[in-house]
Amino acid sequence: MSWRTPRTQDKYNDYLRTVASDHPCFLCLQDDVVYDRWKLVPNSFPYDIIAKPGTHFMFCPKRHVAEEHDLNDAEIEERNLIIRHDLSKTFSCILLNFDAVRTHKSHLHYHVWVTRSDA
Ligand SMILES: [Zn+2]
């Protein structure tokens, strides 16, 4: 089951077919809101069945690390402060997909969005 509308899922599937294994990490290349050790990257293929348009971001460490256990103490401390004092006031939820459904596995990222009022 996808939280993307069929149109957005088709666009995402097309994108995935074009991405080579050595493609530069898009999470390393992009940002929008930047903290000391973390950043928010707009999701080009949002969960648009449940997310209000324009509100689905990926929250990721600046360092290219794959798993939570790869984070250092400073990253963990800042992540927790950002979630508590910023993200929780802006977004509806924070989600970490497990490996089975995570398509971009090499760079840890959480999904955040504002839930649609009609979802
Ligand atoms: Zn990366």
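**View 1. Strand 1 and strand 2 pair in the antiparallel sense.** Two bridges join these strands in this predicted model. Three residues lie between strand 1 and strand 2, and the two strands form a hairpin. Look for Val33 and its bridge partner in strand 2, Leu40. Strand 2 is mostly covered, with four of its five residues buried.

**View 2. Five strands form an open sheet.** Read across the sheet in the order 1-2-3-5-4. The pairing is antiparallel. Strand 1 (33-34) and strand 4 (93-95) are the edge strands. Each edge strand pairs on one side only. Strands of a sheet pair through backbone hydrogen bonds, either parallel or antiparallel.

**View 3. Strand 2 and strand 3 run antiparallel.** Here strand 2 covers residues 38-42, and strand 3 covers residues 57-61. Five bridges join them. Find Trp38 in strand 2, and its bridge partner in strand 3 is Pro61. Then find Val41, whose bridge partner in strand 3 is Met58.

**View 4. Strand 3 and strand 5 pair in the antiparallel sense.** Strand 5 covers residues 110-113. The pairing runs over three bridges. Phe57 stands opposite Val112 in strand 5.

**View 5. Strand 3 is largely enclosed by the rest of the structure.** How many of its five residues are buried? Five of the five are, so the strand is largely enclosed. Its side chains point two ways: Phe57, Phe59 and Pro61 go one way, and Met58 and Cys60 go the other way. Residues pointing either way are buried.

**View 6. The largest nonpolar core has 15 residues.** Which of them touch the most other members? They are Val41, Phe57, Met58, Phe59, Cys60, Val112 and Trp113. Strand 2, strand 3 and strand 5 are the elements that give two or more residues to this core. The largest share, four residues, comes from strand 3.

**View 7. Cys60 is in contact with residues beyond its neighbours in sequence.** Leave aside the neighbours within four places. Among the contacts of Cys60 that remain are Trp38, Lys39 and Val41. Leu27 is also in contact with Cys60. So too are His107, Leu108 and His109.

**View 8. Helix 3 lies across strand 2, strand 3, strand 4 and strand 5.** This helix covers residues 73-90. Helix 3 runs at about 55° to strand 2. Where is the kink in helix 3 centred? The kink is centred on Ile83, and the bend is about 45°. Now check the length of helix 3. At 1.5 Å a residue, its 18 residues should span 26 Å. The end C-alpha atoms of helix 3 are 25 Å apart, which agrees.

**View 9. Helix 1 is hardly covered.** Helix 1 covers residues 6-18. The count of buried residues among its 13 residues is zero. Try the span check here too. At 1.5 Å a residue, the 13 residues of helix 1 should span 18 Å. Its end C-alpha atoms are 19 Å apart, which agrees.

Notes
Residues are numbered from 1 along each chain as its sequence is written. This is a predicted model: local features need pLDDT of at least 70, side-chain atom pairs count only at pLDDT 80 or more; totals for chains, interfaces and linings use all residues. A residue is buried if 20 or more other C-beta atoms lie within 10 Å of its own, exposed if 12 or fewer, and partly exposed in between; C-beta atoms are placed from the backbone. Two strands pair if DSSP finds at least two bridges between them. A nonpolar core is a set of buried Ala, Val, Leu, Ile, Met, Phe, Trp, Tyr and Cys residues joined through C-beta atoms within 7 Å. Two residues are in contact if their C-beta atoms, placed from the backbone, lie within 7 Å. Axes are lines fitted to C-alpha atoms, for helices over the stretch in contact, and angles run from 0 to 180 degrees between N-to-C directions. The expected span of a helix is 1.5 Å times one less than its number of residues. The bend at a residue is the angle between axes fitted to the seven residues ending there and the seven starting there.
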